[in-house]
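Me: Please pick one residue in this model and give me a close look at its surroundings. Then work outwards to whatever it connects to, and spell out your cut-offs as you go.

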Amino acid sequence: MFECKKKNKTGIIILRNSILELQQSSKIILNKSFVIGFKQVKKSKIETRVQLGENSILEINGGFSMYSAGFIKVIDNGHLILNGGFINEGVEITCASKITIGEGATIAREVVIRDYDGHTIEIPEYKITKPITIGNHVWIGNRAMILKGVTIGDGAIIGAGSIVTKDVPSGAIVAGVPASVIKDNVKWH
């Protein structure tokens with residue numbers, strides 16, 4: 001089901017070689033526009049995919065662009081909130097509980113954001129999924145991974161190739177495997 005608010009420009013723009021697959025009980029809430037499959041190489045035939053499972057929600061609150069070769073998968077009962085920004089080519093987002101991406105997010109190529117392990121481990125207190133919150137004006141570098149249960153504060157920078165398994169303070173630069181703070185109180189443009 002689509003819910004579109006008429007204030008400002010809203011709508012889904014699905015470009016060539018892009019697929020939007022919805023289950024009947026899935027829901028897209030559009031408060032701004034969502035471009036799927038934006039191509040940097042105009043004649044590229046690289047496929048871009050968005051897949052929404054049963055009772056899942058994709059909510060667009062700020063203009064958001066998804067470059068080609070990306071894959072957004074909102075698993076049954078998941079809720080993905082995009083508050084404005086973009087994901088570059090080859091980004092994969094898998095949402096099984098709740099992922100919130102803040103306004104002005106800049107997400108580089110081949111980043112993985114995943115709130116879901118995919119398989120259960122038989123360990124006490126183990127949870128297969130935990131929400132992810134990415135703050136406003138966050139820059140995530142090439143091939144970084146953001147894993148379940150993480151909160152990234154406003155204005156943070158995630159270094160290329162980093163694996164984020166713990167919370168990141170606002171205005172911090174983190175890097176490494178696992179990622180750790182390498183600088184505090186930074187601002188980026």
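Reply: Let's start with Phe-34, which, once neighbours within four places in sequence are set aside, is in contact (heavy atoms within 4.5 Å) with Gly-11, Ile-12, Ile-13, Val-50, Leu-58, Ile-60, Phe-64, Met-66, Ile-72 and Leu-82. Bear in mind that this is a predicted model, where local features need pLDDT of at least 70 and side-chain atom pairs count only at pLDDT 80 or more, while totals for chains, interfaces and linings use all residues. Numbering runs from 1 along each chain as its sequence is written, and side-chain values use heavy atoms, with hydrogens and water left out.

Phe-34 also stands out in the largest nonpolar core (buried Ala, Val, Leu, Ile, Met, Phe, Trp, Tyr and Cys residues joined through side-chain atoms within 4.5 Å): of its 39 residues, Phe-34 and Ile-113 touch the most other members. Buried here means under 20% relative accessible area, exposed means over 50%, and partly exposed lies in between (1.4 Å probe, protein chains only).

Now for the strands (DSSP runs of E, at least two residues, numbered from the N terminus). The bridge partner of Phe-34 in E8 is Phe-64, and E5 and E8 pair in the parallel sense over 4 bridges; pairing takes at least two bridges found by DSSP. On E5 (residues 33-38) there is also a parallel pairing with E2, again over 4 bridges, with Ile-13 opposite Val-35.

Zooming out, these strands belong to an open sheet of 9, in the order E2-E5-E8-E11-E14-E17-E20-E22-E23, with mixed pairing. E2 (11-14) and E23 (180-183) are the edge strands, each with a single partner, so one side of each has no neighbour in the sheet. Further along, E11 (residues 85-87) and E14 (residues 105-107) pair in the parallel sense over 3 bridges, with Phe-86 opposite Thr-106.

Back at E8, have a look at the loop between E8 (64-67) and E9 (71-74), where Gly-70 sits. Gly-70 is buried, because its relative accessible area is 0%. Beyond four places in sequence, Gly-70 touches Glu-47, Thr-48, Arg-49, Gly-90 and Val-91. Val-111 is 41 residues away from Gly-70 in sequence but 9.5 Å away in space, C-alpha to C-alpha. Ser-68 is in that loop too, and counts as buried because its relative accessibility is 1%. Its contacts outside the four-place window include Gly-37, Phe-38, Thr-48 and Gly-90.

Arg-49, one of the residues touching Gly-70, lies in strand E6 (residues 48-52). With the same four-place exclusion, Arg-49 is in contact with Ile-19, Met-66, Gly-70, Phe-71 and Ile-72. Arg-49 also makes a salt bridge (a Lys or Arg side-chain nitrogen within 4 Å of an Asp or Glu carboxyl oxygen) with Glu-47, the closest N and O atoms being 3.9 Å apart. Arg-49 is partly exposed because its relative accessibility is 34%, and so is Glu-47, at 41%.

The structure holds 4 salt bridges. One of them joins Arg-143 and Glu-110 at 2.5 Å, N to O. This pair links distant parts of the chain, 33 residues apart: Arg-143 is in the loop between E17 (139-140) and E18 (145-147), and Glu-110 in the loop between E14 and E15 (112-114).
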